[in-house]
Amino acid sequence: MPESFDVIVIGAGPGGYVCAIRAAQLGMKVACVEKRATLGGTCLNVGCIPSKALLQSSEHFEEAKHKMAEHGVLFDGVKLDLARMQARKGEVVSANVKGVEFLFKKNKVTWLKGAGRILAPGKVEVAGETYETKNIVIATGSESTPLRGVEVDEKQVVTSTGALELEKVPGHLVVIGGGVIGLELGSVWRRLGAEVTVIEFLDRLVPGMDNEVAKQLERTLAKQGLKFRLKSKVTGAAKGANGVTLTVEPATSGTPEEIKADVVLLAIGRRPHTEGLGLAEAGVALDERGRVKTDAHFATNVPGIYAIGDVIAGAMLAHKAEDEGVALAEILAGQAGHVNYAAIPGVIYTWPEVASVGATEEELKAAGIAYKAGKFPFTANGRARAMGDVDGFVKILADAKTDRVLGAHMLGPDVGTLVAEISLAIEFGASAEDVARTCHAHPTLNEVVKEAALAVDGRALHI
Ligand code: FAD
Ligand code: NAI
């Protein structure tokens, strides 16, 4: 008799492992299939965690070299030990992935090691064994999108995975794609001494983020030394002993030119990972972009098969995947699991950071929703001045009639943390007035959020 489960989750990224833990907490017998040697998926192994470790370390290097003198802290001969920095990143990843293994043991989730394949509803094959289950959850995540003419070898032409592993600071790093990965990892290697050029197809960076934030982010990163080639596309990459020669053309039409790079980072988006899962044979429908099609309860068209995280529609974010994992486990337990997609924040961990939640001005205009905007700059905040981090602003958007908070868009120090306040406001259906009347400690960066909320009604105090 094959071993049987209530739920088999395929993929142990933030979507899958969190779903498995929550289902186990709710009393189900759960297995999670993972083919990688460690748990935690893209996020813990080659995504969020290692990139944030390198962002932190490279920011310390940048501060020691260029920012501390302003505070009267002088260093002699600051040097980079890249091997140590990379080793530390490895230690951070290792602690995190082992943490998930511990949580599986604690919650009695069985880790089925190997690649999972759906044989039929209720049947999953892993490493030659067949397991039975009442429910299957597809949580197989995403992978880097390839670009024709630019062949990835993870040495000279890398995806984010290779860009996290470089053993030497490249002389010239060319990044294809001015999105989240390009700007975060471009920042890391620029801080560590590389010349960095970002080639972006559109006329702006970070599409989808608020326009005003994107423009100021571009100016701020340009001041830090990143170079941008907007409205441009790469049509070829020739590798040689001395680097890569890229053919770059204007996005519409024009004369091609060549750009030489020591390393090229391809970061033009990610695509759902469904290869080898047996979806076609099981009859699971995909959408036009290859994502598993689901309804509002994460159910696919095949009864008993569900999907969550990067492999389905929506933002490709770890916390979105996690929340879907929790909601689905609760639905499977007969509860009312739910994700409020209007309150999912997005953060870009450059310095200053970018953070956004809810609707953008562009979206509200397109939807014909009348809104008021309140904006407050970090230059007018005492704590930001004390820190020496005054670039950026917080903008809060509220319904013109009801004052209900609809969105917030921020650029500035630690705004990835500040944005949580507005996620909570949206979750609670709060008004800008509610945020403005909440006492905020002084002197904190959070006071910028309060002042922006006051500014919605034209009554900011410190400007
Ligand atoms: P994944 O994390 O991709 O996990 C899927 C898992 O399924 C993988 O481990 C894979 O090996 C496994 N798998 C696939 N097929 C099979 C199979 N057939 N059998 C068994 N196992 C299988 N998001 C943020 O919110 N914040 C960040 O700061 C952030 N930084 C990022 C930085 C980088 C460089 C990258 C690449 C991504 C980053 N992301 C970030 C995005 C985040 O990593 C993803 O949104 C998140 O990992 C998605 O979770 P998931 O569970 O859907 O899939
Ligand atoms: P992205 O979607 O953020 O950005 C890709 C960029 O490449 C876009 O600006 C797009 O216009 C551009 N582009 C597309 N084709 C191009 C071409 N041929 N030439 C030049 N530019 C081109 O994708 P990215 O940066 O690869 O990241 C993938 C996903 O990973 C993100 O969307 C995000 O969901 C997740 N991620 C999240 C992070 C975070 O939350 N801090 C950090 C890193 C990744």
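Q: What makes strand 10 and strand 11 a pair?
A: In this predicted model, strand 10 (residues 195–199) and strand 11 are joined in the parallel sense over 3 bridges. Two strands pair if at least two bridges are found between them, so 3 bridges meet the criterion. One of the residues involved is Ile-199, whose bridge partner in strand 11 is Arg-229.

Q: How do you know that strand 8 and strand 11 are the edge strands?
A: The open sheet has 5 strands in the order 8-15-9-10-11, with parallel pairing. Strand 8 (157–158) and strand 11 (227–229) each pair on one side only, and they are therefore the edge strands, given that pairing requires at least two bridges.

Q: Why is the aromatic pair of Phe-5 and Tyr-131 called tilted?
A: The ring centres of Phe-5 and Tyr-131 are 6.3 Å apart, with 50° between the planes. Rings pair if their centres lie within 6.5 Å, so the distance qualifies. Planes under 30 degrees apart would count as stacked and those over 60 as edge-to-face, so 50° leaves the class tilted. The structure holds 1 such pair.

Q: Why does this pair tie together parts that are 126 residues apart in sequence?
A: Phe-5 belongs to strand 1 (residues 4–10) and Tyr-131 to strand 6 (residues 129–138), so the contact links parts separated by 126 residues in sequence.

Q: What makes the approach of Glu-184 to ligand 2 a polar contact?
A: A polar side-chain atom of Glu-184 lies 2.8 Å from a nitrogen atom of ligand 2. The limit for a pair of N or O atoms is 3.5 Å, so this distance qualifies. Polar backbone atoms of Val-180 and Ile-181 also approach an oxygen atom of ligand 2, at 3.2 Å and 2.9 Å respectively. The protein covers 78% of the 850 Å² of accessible area that ligand 2 has on its own.

Q: How do you know which domains contribute to the shell around ligand 2?
A: At least three residues of the shell come from each of domain 1 (4–143 + 271–339) and domain 2 (157–268). Helix 6 (residues 180–191) supplies the largest share, 3 residues. The shell divides into 14 nonpolar, 4 polar and 4 charged residues.

Q: What makes Met-316 a polar contact of ligand 1?
A: A backbone N or O atom of Met-316 lies 3.2 Å from an oxygen atom of ligand 1. With a cut-off of 3.5 Å, this pair therefore counts. Pro-14 and Cys-43 provide backbone contacts as well, each at 3.4 Å from an oxygen atom of ligand 1. Taken alone, ligand 1 exposes 990 Å², of which the protein buries 94%. Helix 2 gives the largest share of the shell, 4 residues.

Q: How do you know that the peptide bonds leading to Pro-352 and Pro-443 are cis?
A: Omega is near 0° for the bond from Trp-351 to Pro-352 and near -5° for the bond from His-442 to Pro-443. Pro-352 sits in the loop between strand 18 (346–348) and strand 19 (353–358), and Pro-443 in the loop between helix 13 (432–437) and helix 14 (447–456).

Q: What makes the phi of Glu-154 notable for a residue that is not a glycine?
A: Most residues other than glycine have a negative phi. Glu-154, in contrast, has a positive phi of about 60°. Glu-154 lies in the loop between strand 7 (142–144) and strand 8.

Terms used. Residues are numbered from 1 along each chain as its sequence is written. Chains are lettered from A and ligands numbered from 1 in the order in which they are written. This is a predicted model: local features need pLDDT of at least 70, side-chain atom pairs count only at pLDDT 80 or more; totals for chains, interfaces and linings use all residues. Side-chain values use heavy atoms; hydrogens and water are left out. A polar contact is a pair of N or O atoms within 3.5 Å; within protein, one must be able to donate a hydrogen and the other to accept it, and residues adjacent in sequence count only if both atoms are side-chain atoms. Accessible areas come from the Shrake-Rupley method with a 1.4 Å probe; for residues, only the protein chains shown count as cover. Ala, Val, Leu, Ile, Met, Phe, Trp, Tyr, Cys and Pro count as nonpolar, Asp, Glu, Lys and Arg as charged, and the others, Gly among them, as polar. Domain bounds come from an automatic or database domain assignment. Rings of Phe, Tyr and Trp (its six-membered ring) pair if their centres lie within 6.5 Å; planes under 30 degrees apart count as stacked, over 60 as edge-to-face and the rest as tilted.
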